[in-house]
Amino acid sequence: MNYEYEEAPTEWVRLAIFKIPGKPQPKGRPRFFPVSKTAVRTYTDDRTRAYEERVGLAATGAFRGHDVIPKGVPVHVRIVAVHRRPKSLHRKKDPEGRLLKATHGGGDIDNHAKIILDACNSIIYTDDAQVCSLRVEAFIGAKDEAPFSEVSVWVPASYNRGPRV
């Protein structure tokens, strides 16, 4: 079934959900170094590469036993990033639960989504260009909550790929 020119699906089903423990990390900027007078080589910094590997391991575990979602099938991804609560928000008068993260620090939310979407290429979907719907939320964790990111992957209900989460 080709979804490219059909109406937008009205119902999504979740295929996978996985958690990446640790501080949510944004995708780093590409690094460049000259190889000659006219050529430049690009590389990914070590922190970005290490986080992409952690995301890939979590995605592989969640998607074990499933085939990669083929090209042409739209995908919806939801990312929830929970950052460590700063010590300044541990007073008794501060709320106990999660807070929306609207302060600087921890990277832009779009760069956090980019590192996760890139890391899931060829593990969950063929290419992150298949992601046609994306919801990303950033929170400051509850007072005793450890930082993490949670990713859920959804496909149209009409796409039948077997067992669902």
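Here's a quick tour of this protein, from its overall layout to its core and one patch on its surface.

## Before you start

This is a predicted model, where local features need pLDDT of at least 70, side-chain atom pairs count only at pLDDT 80 or more, and totals for chains, interfaces and linings use all residues. Numbering starts from 1 along each chain as its sequence is written, and side-chain values use heavy atoms, leaving out hydrogens and water.

## The layout

You'll find two helices and seven strands here, with helices (H or I, at least four residues) and strands (E, at least two) taken as DSSP runs numbered from the N terminus. Along the sequence they run β-β-β-α-β-β-α-β-β.

## Inside

Of the 165 residues, 38% are buried, meaning under 20% relative accessible area, while exposed is over 50% and partly exposed lies in between (1.4 Å probe, protein chains only).

The largest nonpolar core (buried Ala, Val, Leu, Ile, Met, Phe, Trp, Tyr and Cys residues joined through side-chain atoms within 4.5 Å) has 28 residues, and Phe18, Ile69, Ile124 and Tyr125 have the most contacts inside it. Strand 1 (12–21), helix 1 (46–62), strand 4 (75–83), helix 2 (109–119) and strand 7 (148–156) each chip in at least two residues of this core. Leaving aside residues up to four places away in sequence, Ile124 touches Phe18, Ala59, Phe63, Val68, Ile69 and Val153, a contact being heavy atoms within 4.5 Å.

## Outside

Phe33 sits in strand 2 (residues 31–34). Phe33 is partly exposed, because its relative accessible area is 35%.
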